[in-house]
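Here's a quick look at how two parts of one chain meet. Have a glance at the model first, then read on.

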Amino acid sequence: MKPMPQAACPQRPLPLPDPLSEPFWAAARRHELHMQKCDACGRMAYPPEVACRNCGGAGLGFTPLSGRATLHSWTVLHDPPSPGFRDRLPVILAVVELEEQARLLMSGNLVDIAADALRIGLPLEARFEDVTEDCTLVQFGPAR
């Protein structure tokens, strides 16, 4: 089967913000990484939640983070998970640990690095891909 021309290739799936996650996505559009933080105990959470997993508190606001992280785990996709990824292979899916809190884990794509250069604990930083006017994805790449 012949690959589709890039112009005809379907777009990859994009996130659909809801009221709970909208502050995260609004910050991403500004090329900032923000996480939910409990007003009562200070624990951060990702993905956003309606109540704190640590203390049950309902006061959860968003706070800016540095974007620095370390590589916790990854997998490399050599087959596209959907047609919109055909021109992006291989895709490296990762779980990163954000610097601001132990075990504050976030998933995302790794960019600007080859799979054979990956190792647990690799220093990373947030990168932002403006996909559309309304959608910016948070990804991670090697720390500069």
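## Where the two domains meet

Between domain 1 and domain 2, three residue pairs are in polar contact, both residues at pLDDT 80 or more; that term means a pair of N or O atoms within 3.5 Å, where within protein one must be able to donate a hydrogen and the other to accept it, and residues adjacent in sequence count only if both atoms are side-chain atoms. Salt bridges (a side-chain nitrogen of Lys or Arg within 4 Å of a carboxyl oxygen of Asp or Glu) come to zero between these domains.

A word on the basics: this is a predicted model, with local features needing pLDDT of at least 70, side-chain atom pairs counting only at pLDDT 80 or more, and totals for chains, interfaces and linings using all residues. Residues are numbered from 1 along each chain as its sequence is written, and side-chain values use heavy atoms, leaving out hydrogens and water.

The bounds below come from an automatic or database domain assignment, and contact means heavy atoms within 4.5 Å.

| Domain | Bounds | Residues in the contact |
|---|---|---|
| domain 1 | 18-64 | 13 residues |
| domain 2 | 66-143 | 19 residues |

The C-alpha centres of the two domains sit 20 Å apart. Together they bury about 1300 Å², with 66% of that on carbon and sulfur atoms; buried area is the accessible area (1.4 Å probe) that two parts lose on being put together, summed over both. On the domain 1 side, H31, L33 and M44 lose the most area to domain 2, together 42% of what that side buries.
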